[in-house]
Amino acid sequence: MSSPAPALPVAIVLVAAGKGSRAGREQAKQYVRVAGRTLLAHAIEAVATLGAPIQPVIGAADASDFAASLAELREGIRALVLPPVIGGETRQLSVKEGLEALARRSPPERVLIHDAARAFASRALLRRAADSTGPAMVPAVRMTDTIWEVSETSSRVLDRTALRAIQTPQAFAFDRILVAHRDAAASGSVDFPDDSAVAEWAGLPIGFFEGDPDNMKITQPGDFAAAEARLLAGLPDVRIGQGYDVHAFGPGASVWLGGVEISHTHALLGHSDADVLMHAITDAILGALAEGDIGSHFPPSDPRWKGASSDRFLRHAVDLLRQRGGMLAHVDGTVICEAPKVGPHRDAIRARLAEICGLTLDRVAVKATTSEELGFTGRREGIAAIATATIRLPLERSGS
Ligand code: MG
């Protein structure tokens, strides 16, 4: 038996188990891509600024979406994320699962409970939550609008000076909120709107600290556009890279183009799978990053890359971009050959590239042309491909 780990000062429960039906999207809203990453990835990045362990609570069907979101984050951030636990029927029961998971691992002294839908929690707000004392502390924002209480029989203006909107992260003494959640669940009360309500029900004294009006909760369909605009504003350094590649034909019965195998009278020769289009796109992303070229990252002399599926080269370039805190905005590739015909495979290629790059389909273009039987492609000696990639980087990283 190993001795118990020392208590952590703070841990974070990040609640991402909701279905997000109010946001009007089929996909759970935490997995909708906003500015090149899922909302959940943005939320994790935001709370990671505290440097505390993060306990995610996810939906039972969302394990692969969660893993994909995690892959979009820098390694230093991923290292803070504990294995996810599956949430319950309601938000309240999901939070309880997160607290129980922390209790099993290494109970912290204090826990911050936060909704993934608030992907813009600032470091200052998180710090205020972590530094708060008292068993139950919640971020509160003063009302700026006039507030009416409206009902069928009588409506009236409320005194807004006494009203507060409550946000997350909410901060609690871990032992106290864990007991409150266990008691609430045991009593059959399972649908409290948030943890301050659970704490109040359990008789914990509630204290308030200053919330942040910018700590928006993404709930309505229009909130995604606002969130995207805000995130893009943080990535103002727009760069365009270009790539070019050629592979010669040799004996074989198919070629790989953009991750799709296409039947042909020949194969393409190369150390890897010779996916000329994917190589050009990989070089375009590396070019936009000014991070060398595909040959410097994956030398043809290295036997590890013999016969390699080229998607690993492209994934590597996209990962380098994410490590820099940037996003891929768009890729555009052109295949130059007399044959095979690319058109019938265009949509399959776009879908494959979009999946590898973590892009929506409308940000992936694939085109094809012949060279009018001129030159080496015209003589059917091989296939050439050119590509461009547009990336966005945060300003503080530029010039490094
Ligand atoms: Mg190549």
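Contact here means heavy atoms within 4.5 Å, and with that cut-off in hand the tour can begin at helix α2 of this predicted model.

**First stop: helix α2**

Select residues 63-71, which form helix α2, and colour F66, S69 and L70, the buried residues of this helix. Looking down the axis of α2, you will find these buried residues within an arc of 100°, so they line one face of the helix. Now add the elements that cover the buried residues of α2, which include β3 (37-38), α1, β4 (54-58) and α3 (75-78).

**Second stop: helix α5**

Keep α1 on display and move to helix α5, residues 123-131, where L125, L126, A129 and A130 are buried. Turn the view until you look down the axis of α5: its buried residues fall within an arc of 135°, so here too they line one face of the helix. The cover over these buried residues includes the helix α1 (39-48) together with β1 (10-16), β6 (110-115), β7 (136-142), β11 (170-173) and β12 (206-210).

Before leaving α5, show the side chains of R127 and D131, which form a salt bridge whose closest N and O atoms are 3.0 Å apart. Both residues lie in α5 and are four residues apart, about one turn of the helix. R127 counts as partly exposed, at 33% relative accessibility.

**Third stop: helix α4 and its salt bridges**

The structure has 19 salt bridges in total, and two further ones can be visited from helix α4. Select R91 and D195, whose closest N and O atoms lie 3.0 Å apart in a salt bridge. R91 belongs to helix α4 (residues 91-105) and D195 to helix α7 (residues 195-201), so the pair ties together parts that are 104 residues apart in sequence. D195 is buried, with a relative accessible area of 0%.

Further along α4, select K96 and E100, which form a salt bridge with 3.4 Å between the closest N and O atoms. These two residues, four apart in helix α4, are separated by about one helical turn. K96 counts as buried at 17% relative accessibility, and E100 is buried as well, with a relative accessible area of 14%.

For a set of linked salt bridges, select D311, R315, R352 and E355, which together are joined in a network.

**Fourth stop: strand β13 and its partners**

Strand β13 is the next element to select, together with strand β19 (residues 382-393), to which it is joined by 12 bridges, the two strands running antiparallel. To place yourself in this pairing, pick I240, whose bridge partner in β19 is T390. Strand β16 (residues 267-268) also pairs with β13, in the antiparallel sense and over two bridges; here the residue to pick is F249, whose bridge partner in β16 is L268.

**Fifth stop: the magnesium ion**

Which protein atoms serve as donors of the magnesium ion? Centre the view on the ion and show D245 (OD), H247 (NE2) and H279 (ND1), which lie 2.2 to 2.3 Å from it. Along the chain these donors follow the spacing D-x1-H-x31-H. D245 lies in strand β13 (residues 237-250) and H279 in helix α9 (residues 276-289), so the pair ties together parts that are 34 residues apart in sequence. H247, for its part, is found in strand β13.

Are these donors buried or exposed? D245 is buried, with a relative accessible area of 16%, H247 counts as buried at 12% relative accessibility, and H279 counts as buried at 7%.

Stay with H247 and display its contacts, which, leaving aside its neighbours within four places in sequence, are L268, L269, G270, A274, V276, H279, G382 and I383. To see how the fold brings separate parts of the chain to this place, also select E381: the C-alpha atoms of H247 and E381 are separated by 8.8 Å, although the two residues are 134 residues apart along the chain.

**Last stop: two cysteines**

Finally, select C337 and C357. C337 is buried, with a relative accessible area of 4%, and C357 counts as buried at 2% relative accessibility. How many disulfides does the structure hold? The number is zero.

Note on methods: Residues numbered from 1 in each chain as written. Predicted model: local features only at pLDDT ≥ 70, side-chain atom pairs only at ≥ 80, totals over all residues. Heavy atoms only, no water. Buried < 20%, exposed > 50% of the residue type's maximum accessible area, 1.4 Å probe, protein only. Arc of directions from axis to C-beta. Donors = N, O, S within 2.8 Å, 3.2 Å for Na, K, Ca; no water. Disulfide = S-S within 2.5 Å. Salt bridge = Lys/Arg side-chain N within 4 Å of Asp/Glu carboxyl O. Pairing = 2+ DSSP bridges.
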